[in-house]
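Trainee: Could you take me closely through one part of this model, and then show me how that part fits into the rest? I would like a single connected account, with the reasoning spelled out where a threshold decides the matter.

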Amino acid sequence: MTTAIALTRSRRRFSDHQVAIALLLPIALINVVGFMLPIFNLARFSFNRATTGGGIENVLTLENWTGLLRDPFYLELILNSIWISLGVTLCALVLSYPIALYLHRSSGTWRTFLTVLVISPLLTSAVVRTYGWIAILSDEGPVVGAIKSVGLTPPPLMFNINGVFIGLTEILMPYMILALMAGFGRLDPKVEEAARTLGATPWQCFRRVILPLTAPGIALGCLLCFVLAVSSFITPKLMGGGRVFLLATEIYDQAIVTLNWPLASTLSILVLIIFGAALVAYSAVLKRLD
Amino acid sequence: MEIHKTSWLMGLLVTVLFIYLLAPVILVFPISFSGDEVLRFPPTSWSLRWYEALFDNRDMLRAFWTSLTLAFVVTILSLVIGIPAAWVIVRMEFKGRDLLFNVFTAPLLLPTIVLGLAILIVFASFGLLATMRGLVLAHLVVSLPYALRILAVSLATQDRSCEEAALTLGAKPLSVFFRVTLPMLSSGIVAAAALCFLVSFDEVVITLFLTGPRISTLPVELYDYVYNTADPMVAAASVLLILLTLGVILVVERAMGLGRAFVK
């Protein structure tokens with residue numbers, strides 16, 4: 001505060017208030033032009049009518065919304081997106097939990113090193129990581145090669161939902177690990193030791209002590225992964241080979257290929273509604289945990 | 001299920017999981033040195049032909065320079081706009097401070113596919129599509145929240161006694177800001193700059209809506225390329241991108257520690 005007061009005192013022409021407004025003006029402008037206005041506009045577009053040739057009729061109509069709910073293609077697409085996202089979230093949780101627990105128990109340089117390993121995929125472009133998965137799962141790749149060398153017929157891995165599922169799970173794991181670790185703060189090794197000395201089996205100790213204590217972290221990680229999976233675009237688009245239809249890929253196709261902006265907007269708002277529902281479920285879970 | 005620090009089973013499990021986690025990033029290294037015509041692992045021969053192909057690809061080179069320029073401009077602007085904003089939000093007391101901070105960081109909560117479409121529709125009517133100005137503005141929307149968050153944390157945890165001492169000794173407030181506050185903030189600034197650079201340089205979904213044949217960024221160009229042909233040239237480009245990312249990560253780690261920059 002001292003600096004703030006002194007800064008304005010030295011130039012009596014400006015009040016504290018005016019300085020604050022002047023310094024916040026650029027970020028506020030960018031926020032309004034690049035965020036608030038576009039989102040408000042998006043909501044409005046979902047009630048507009050698309051005309052042939054990419055035009056938009058500025059009328060207030062519920063057609064996009066009712067059309068979406070009547071069309072079996074879109075109903076299936078929405079349900080598919082939700083189911084796949086839930087599946088990916090569950091897989092990411094199961095695969096991330098041991099890593100997070102291990103990281104939580106390690107210390108020093110080793111922990112820093114492993115944390116960097118977890119975070120580095122996060123900072124690597126989604127295109128690069130998806131390409132890596134294409135290389136691994138393609139017909140000439142190591143996985144298919146290994147399965148063939150044992151004499152089995154490999155299942156189709158690329159350009160269908162299997163590949164998207166495998167790739168997406170891996171791509172979302174770093175988020176899950178970080179969320180779990182953030183929630184593991186309450187896990188004191190002494191509590192585990194106490195449980196074990198009092199005669200709990202390792203499974204009992206995990207089920208009755210570790211799991212309940214880490215539940216808030218699990219809830220946070222699941223929320224984060226689900227939300228990211230529902231809106232994921234690069235991986236389904238590149239690994240699905242045009243045969244996997246999910247919400248995000250459909251938004252892009254409607255916006256860029258079909259040029260039906262009202263429908264694309266409606267699907268976008270739907271994604272936001274699913275986000276809201278996930279948040280509500282998350283806070284309900286948190287309340288029950290308390 | 002034995003889960004304990006000393007359990008070798010746990011160690012084995014974690015090793016396997018780490019291999020899964022890192023496989024796609026590691027595999028592009030050997031593939032980038034492939035001598036084969038098509039994507040194949042393990043490659044039947046080795047060569048540098050895909051690096052040559054990459055450096056002969058004019059579209060890729062042009063997109064690389066666009067991305068680099070864009071990321072630089074976005075980073076500088078994020079700092080110039082973000083530092084004063086963070087300072088006001090952390091140091092001045094006024095009603096609705098928390099609300100303002102949440103509004104300014106809200107773009108991070110939106111999925112990029114939704115934000116990209118929303119920005120496309122608005123920018124189309126402003127004539128900002130496929131322009132450098134439009135790309136800078138769109139990238140600022142997502143880079144500023146990161147900058148603001150990191151800078152606010154750094155400012156809030158800063159020791160105020162030096163500033164107070166300088167003020168008591170008669171330094172002018174502006175010179176206190178430039179000669180005490182700013183230098184003490186340097187690690188936060190470096191971390192924010194590195195993150196903004198990466199956010200802009202790697203941004204692909206929003207950018208995909210805003211680019212065209214006239215202007216394109218490297219990630220978008222790579223996306224288009226993989227969509228059509230996934231040959232080993234992308235692996236060569238990926239290796240260079242990963243090395244660049246690693247360099248930036250090292251900068252952040254040196255400046256403030258990765259844990260502090262990302263977990264909080």
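**A close look at Met239(A) and its setting**

Mentor: Met239(A) has its place in helix α11 of chain A, which covers residues 234-240. Before going further, please keep in mind that this is a predicted model, with an ipTM of 0.87 and a pTM of 0.88.

Met239(A) counts as buried because 26 other C-beta atoms lie within 10 Å of its own, where 20 or more are required. Leaving out residues up to four places away in sequence, Met239(A) touches Thr130(A), Trp133(A), Ile134(A), Met158(A), Gly163(A), Val164(A) and Gly167(A). One of these partners, Trp133(A), is 106 residues away from Met239(A) along the chain, and yet the two C-alpha atoms are separated by 8.2 Å.

Another of the partners, Met158(A), is followed in the sequence numbering by a residue with an unusual backbone setting, to which I turn now. Phe159(A) is not a glycine, but its phi is positive, at about 55 degrees. Phe159(A) belongs to the loop that joins α7 (142-149) to α8 (161-183) of chain A. With 18 other C-beta atoms within 10 Å, Phe159(A) is classed as partly exposed, because that count falls between the limit of 12 or fewer for exposed and that of 20 or more for buried. A second non-glycine residue with a positive phi is Leu259(A), at about 60 degrees, and Leu259(A) also lies in a loop, here between α12 (247-257) and α13 (261-289) of chain A. Leu259(A) has 14 other C-beta atoms within 10 Å and is therefore partly exposed by these limits.

To place these residues in chain A as a whole, the chain is divided into domain 1 (2-45) and domain 2 (70-289), and the centres of the two domains, taken over C-alpha atoms, are 37 Å apart. An unreviewed UniProt entry annotates residues 78-282 of chain A as "domain: ABC transmembrane type-1". In the model that span is 80% helix and 0% strand, with its end C-alpha atoms 20 Å apart.

From here the picture extends to the partner chain. In the largest nonpolar core, which has 162 residues, those touching the most other members are Leu172(A), Met176(A), Leu117(B), Ala192(B) and Leu195(B). This core draws at least three residues from domain 1 of chain A and at least three from domain 2 of chain A. Leu117(B) illustrates how the chains meet: apart from neighbours within four places in sequence, Leu117(B) is in contact with Leu42(A), Ile251(A), Ala255(A), Ala264(A), Ser265(A), Ser268(A) and Phe209(B).

Taken over the whole interface, 80 residues of chain B are in contact with 75 residues of chain A. On the chain B side, helix α1 (residues 8-32) contributes the most, with 14 residues, and the composition of that side by class is 66 nonpolar, four polar and ten charged residues.

Chain B itself has 13 helices and zero strands, and its C-alpha trace spans about 70 × 60 × 35 Å along the principal axes. Of its 264 residues, 47% are buried. Among the contacts in chain B with a separation of 6 or more, 74% link residues that are 24 or more positions apart. As for confidence, the average pLDDT of chain B is 88, and 94% of its residues score at least 70.

Helix α11 of chain B, which runs over residues 218-228, is mostly covered, since eight of its eleven residues are buried. The buried residues of this helix are Leu218(B), Pro219(B), Val220(B), Glu221(B), Leu222(B), Tyr223(B), Tyr225(B) and Val226(B).

An unreviewed UniProt entry also marks "transmembrane region" in chain B, at residues 12-33, 64-87, 99-130, 136-156, 176-201 and 233-252. Two of these spans may serve as examples when you compare the annotation with the coordinates. Residues 64-87 of chain B are 100% helix and 0% strand, with end C-alpha atoms 34 Å apart, while residues 233-252 of chain B are likewise 100% helix and 0% strand, with an end-to-end C-alpha separation of 29 Å.

Key: Residues are numbered from 1 along each chain as its sequence is written. Chains are lettered from A and ligands numbered from 1 in the order in which they are written. This is a predicted model: local features need pLDDT of at least 70, side-chain atom pairs count only at pLDDT 80 or more; totals for chains, interfaces and linings use all residues. UniProt positions are given in the numbering used here, feature names are shortened, and annotations may be inferred rather than shown by experiment. Helices (H or I, at least four residues) and strands (E, at least two) are DSSP runs, numbered from the N terminus. Two residues are in contact if their C-beta atoms, placed from the backbone, lie within 7 Å. Ala, Val, Leu, Ile, Met, Phe, Trp, Tyr, Cys and Pro count as nonpolar, Asp, Glu, Lys and Arg as charged, and the others, Gly among them, as polar. A nonpolar core is a set of buried Ala, Val, Leu, Ile, Met, Phe, Trp, Tyr and Cys residues joined through C-beta atoms within 7 Å. Domain bounds come from an automatic or database domain assignment. pLDDT is the predictor's confidence in each residue, from 0 to 100.
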